[in-house]
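Please walk through this structure with me, strand by strand and helix by helix. The path starts inside one chain and ends where two chains meet.

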Amino acid sequence: MSGISQDDVAHLAHLARISIPADQLGHYADQLGAILDAVAQVSSLDTSDVPAMSHPVPMTNVFREDIPGVSLTAAQALSGAPAVEDERFRVPRILDEE
Amino acid sequence: MAEAIMNYDEAISKFDPVLGLEVHVELGTNTKMFCGCSTVFGAPPNTHVCPVCLGLPGALPTLNKIGVESAIRIGLALNCEIAQWCRFARKNYFYPDMPKNFQTSQYDEPIAFEGYLDVEIDTDEGRKTFRVPIERAHMEEDTGKNSHVGGATGRIHGADYSLVDYNRAGIPLIEIVTKPITGTGKYAPEVAKAYVAALRDILRGLGVSDVKMEQGSLRCDVNLSLRETPESKLGIRSETKNVNSLRSVERAVRYEVTRHAARLTAGDSVVQETRHWHEDTGISTSGRPKSDAEDYRYFPEPDLLPIAPSREWVEELRATIPENPAVRRARLVADWGLSELDMNTVINSGALDLIVEAVDAGVDAAAARKWWTGELSRIANDRGIELEELPVTPVHLKRLEELITAGSLNDKLARQALEGVIAGEGDIDAIVAARGLAVVSDDGPLLAAIDEALAADPAVAETIKSGKLAAAGSVVGAVMKATRGQADAARVRELLFEKLGVSE
């Protein structure tokens, strides 16, 4: 039992900027807990001599030479922006009024 | 609003300061850390961007080799160990300066760790070395630039909305973090400043960055806490951001010591928070409360492969590390027999490398120093150019010194020869020939000029005869003038005294 609490769900939702109504926190806590429990079955195996892995391809040191390539134009870069001003991305107010 | 502070000396008598410094340096690579966009400063907004640095779906990062090499070289110059194997990690946060919604950084596997940097400062007991322990140097990327619109001040508070330029997003950064620096006592501000200055000199020497604090390519955060005694456990620290000049580093440490001390003495605790430094008023103000590291939900970057620098590669890079600037300075002070003050003059004139180059080419150190910090500095200053821009080479200075030693040029003629070099008239011998520069060594014309000078000022001969030898200066000066500087002043003096029957 992984023990994901409703507080954990509320915290994660806040970090991910997802709005979850309070009456559904328990629902998601149960679901996330079940997922973690499923994954946790791995820990029943002895992995003490298996190095942790973050990438399926056993390669290292893949580099790019420091030579400039092609960038987008400002018009291309901004073409998908919901709002544009002065060739810049216009974004909503960052801090709420205090 | 300004907070209460305590007098610095009183604060230090009551508390022991502990420093921590985080320095971000923007690398001078041609391209960004994870894509081929240019890093050139000052381009029109959003023209150095691509799907990778804009975080468009499906874009994949590719790692800049020079960025990694620079990180390893910085680590080596700071006496760090270099990781055998390390990865990047995603630092997740939502803020419009990072369109990916995470910063690609390194978390628990920095490329360099466990180093130190020795810095020297002046103390009441003379010069003293403090060892600054370095915890890590890791690779990450810079963010985009926000400008805030609306509101009274153009600051983020009260703004109506913000505009973002992503040209800077993805430019390689190296973050260098010290361990808690203890044992500085009252010299905490000076040690902090000396550390950042020494770090800047090392980074400049490595050629990895232009390290311009005023342009933000070197940025410093100052962490400070106080404890009652050196035996007490560490106090709660504040982290002051935006400390972007050497002077500010010193001032920010001093200010935080006085602010913490006032709070602690009043029975308040220090709040663990980020603070903003204000250069104009010399105080810091509260920013946001420090969030827990866990909130960033770091995890290994799946789109980049691990880095496993071979020991051969590390040793190859180690061979490119120049001598530590502070060590080099100490060596040159000893080799050249200079005082610390003389050395300061040399360094402030920006002539150090040029003098070293001349000395390596066989020019006497004192002569090289005299030319570069004297006449050549004056000429460069008059023309508003850097010393390096003068077309004067070690070969020129060497030949000039040979001619002076041989007695065929004096100081004044040598200066004229240098003017010729700067005017592009060829090598020293060609200039000397073309301009007819030669010390008049034939006594005949000198004696004639001495007679003329004595005739013009009849009283001076008697003055000299009466024992006031200093009066000879005016006669020698007149002879130098008459010969347009081509006389050997020492010989003129000799001849004059012989003539008047006085001895020195």
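**Strands, helices and a shared sheet**

Cys220(B) stands opposite Val243(B) in β12(B). The pairing behind this is antiparallel: strand β11 (residues 218-227) of chain B and β12(B) share four bridges. Two strands count as paired if DSSP finds at least two bridges between them. Strands (E, at least two residues) and helices (H or I, at least four) are DSSP runs, numbered from the N terminus. This is a predicted model, in which local features need pLDDT of at least 70 and side-chain atom pairs count only at pLDDT 80 or more, while totals for chains, interfaces and linings use all residues. Residues are numbered from 1 along each chain as its sequence is written, and chains are lettered from A and ligands numbered from 1 in the order in which they are written.

Now follow β12(B) to its other partner. Strand β12 (residues 238-243) of chain B runs parallel to strand β13 (residues 273-278) of chain B, and three bridges join them. Glu239(B) lies opposite Thr274(B) of β13(B). Lys241(B) lies opposite His276(B) of β13(B). Helix α4 (residues 246-265) of chain B completes a left-handed β-α-β unit with β12(B) and β13(B). The hand is judged with the strands pointing away from the viewer: a crossover is right-handed if the path from the first strand over the helix to the second runs clockwise.

Chain B also has a sheet of its own with antiparallel pairing. It is open, has three strands and follows the order β5-β4-β15. Its edge strands are β5 (102-105) and β15 (299-300) of chain B, each pairing on one side only. Strand β4 (residues 89-92) of chain B is joined to β5(B) by four bridges, and the two run antiparallel. Lys91(B) has Gln103(B) as its bridge partner in β5(B).

Turn to the helices of chain B. How do α2(B) and α3(B) cross? The axes of helix α2 (residues 65-77) and helix α3 (residues 188-206), both of chain B, come within 11 Å and cross at roughly 130°. Axes here are lines fitted to C-alpha atoms, for helices over the stretch in contact, and angles run from 0 to 180 degrees between N-to-C directions. The crossing angle therefore makes α2(B) oblique to α3(B). Angles under 35 degrees count as roughly parallel, over 145 as roughly antiparallel, 65 to 115 as roughly perpendicular and the rest as oblique. The crossing of α2(B) past α3(B) is right-handed; that is, the near helix is turned clockwise from the far one by less than a right angle, and anticlockwise would be left-handed.

Which residues meet there? Arg73(B), Ile74(B) and Ala77(B) of α2(B) contact Ile202(B), Leu203(B) and Leu206(B) of α3(B). Contact requires C-beta atoms, placed from the backbone, within 7 Å. This contact of α2(B) with α3(B) holds five nonpolar residues, no polar and one charged. Ala, Val, Leu, Ile, Met, Phe, Trp, Tyr, Cys and Pro count as nonpolar, Asp, Glu, Lys and Arg as charged, and the others, Gly among them, as polar.

Next comes helix α7 (residues 340-349) of chain B. Its axis comes within 10 Å of that of α9(B), and the two cross at roughly 50°. So α7(B) is oblique to α9(B). This crossing is left-handed. Thr345(B), Val346(B) and Ser349(B) of α7(B) meet Arg369(B), Trp372(B) and Thr373(B) of α9(B). By class, that contact has two nonpolar, three polar and one charged residues.

Finally, look at where the chains meet. In chain A, 33 residues are in contact with 40 residues of chain B. On the chain A side, β1 (63-64), α3 (74-78) and β3 (88-92) each give two or more residues. β3(A) supplies the largest share, five residues. That side has 16 nonpolar, seven polar and ten charged residues.

Strands cross the chain boundary too. β1(A) runs parallel to strand β2 (residues 63-64) of chain B, joined by two bridges. Arg64(A) stands opposite Asn64(B) of β2(B). An open sheet of four strands, with antiparallel pairing, has the order β2(A)-β3(A)-β9(B)-β8(B). Its edge strands are β2 (84-85) of chain A and β8 (145-149) of chain B. Within it, two bridges join β2(A) to β3(A), and Glu85(A) stands opposite Arg88(A) of β3(A).

Definitions and conventions. Two residues are in contact if their C-beta atoms, placed from the backbone, lie within 7 Å.
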